[in-house]
Amino acid sequence: MKKAIVFAYDDFSDRLFISCNKNNEKVYGSARMLNLTIDFTKDMKAVNMEIRKVSEYLHAIGINPAILNNLSEVSIVFKQQRDGYLIYFVLRAGDKVERVPYNILTAKSVISEVA
């Protein structure tokens, strides 16, 4: 069974909140990278995400931010990469679908790039 994803876009603060939390899982900690915050459970499962200044980010990567005003569905795809994770937020508004990518480097890959 696919779990429901709850989402809300606040145009006043320009934030998109996405929750995959089921059964009231408790948030153990959060990680903030640039304009993205991810909440994790004790088992390191991502349960909530917030994208701040989301319309600016969409515009910067060539996506029309008007999609945010008519969202009907949001899904998330996590892909582990050699140097970290690739996260896609898939935004759907009617027939329009946009994939919003985030590339998250792990601390080890960042350290090796600096050294």
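Trainee: Is Tyr-102 buried or exposed?

Mentor: Tyr-102 is buried, with a relative accessible area of 6%, where buried means under 20% relative accessible area, exposed over 50% and partly exposed in between, for a 1.4 Å probe and protein chains only. Keep in mind that this is a predicted model, in which local features need pLDDT of at least 70 and side-chain atom pairs count only at pLDDT 80 or more, while totals for chains, interfaces and linings use all residues. Residues are numbered from 1 along each chain as its sequence is written, and side-chain values use heavy atoms, with hydrogens and water left out.

Trainee: OK, and which ring is edge-to-face with Tyr-102?

Mentor: That is Phe-89, whose ring centre is 5.7 Å from that of Tyr-102, with the planes at 90°, so the pair is edge-to-face. Rings of Phe, Tyr and Trp (its six-membered ring) pair if their centres lie within 6.5 Å, and planes under 30 degrees apart count as stacked, over 60 as edge-to-face and the rest as tilted. Phe-89 lies in strand β7 and Tyr-102 in strand β8, so the pair ties together parts that are 13 residues apart in sequence.

Trainee: How buried is Phe-89, then?

Mentor: Phe-89 has a relative accessible area of 1%, so it counts as buried.

Trainee: How many aromatic pairs does the structure hold?

Mentor: It holds 2 aromatic pairs, and one of them is the stacked pair of Tyr-57 and Tyr-102, at 4.6 Å centre to centre with 25° between the planes. Tyr-57 lies in helix α1 (residues 54–60) and Tyr-102 in strand β8, so this pair ties together parts that are 45 residues apart in sequence. Ring pairs thus link Tyr-57, Phe-89 and Tyr-102 into a cluster.

Trainee: Switching to the strands, what is the order in the sheet with β8?

Mentor: The order is β6-β7-β8, an open sheet of 3 strands with antiparallel pairing, and its edge strands, each pairing on one side only, are β6 (73–81) and β8 (96–105). Strands (E, at least two) and helices (H or I, at least four residues) are DSSP runs numbered from the N terminus, and two strands pair if DSSP finds at least two bridges between them.

Trainee: How many bridges are there between β6 and β7?

Mentor: There are 9 bridges between β6 and strand β7 (residues 84–93), and Glu-73 stands opposite Arg-92 in β7.

Trainee: And what is the order in the sheet of 5 strands?

Mentor: That open sheet runs β1-β2-β5-β4-β3, with antiparallel pairing, and β1 (6–10) and β3 (29–33) are its edge strands.
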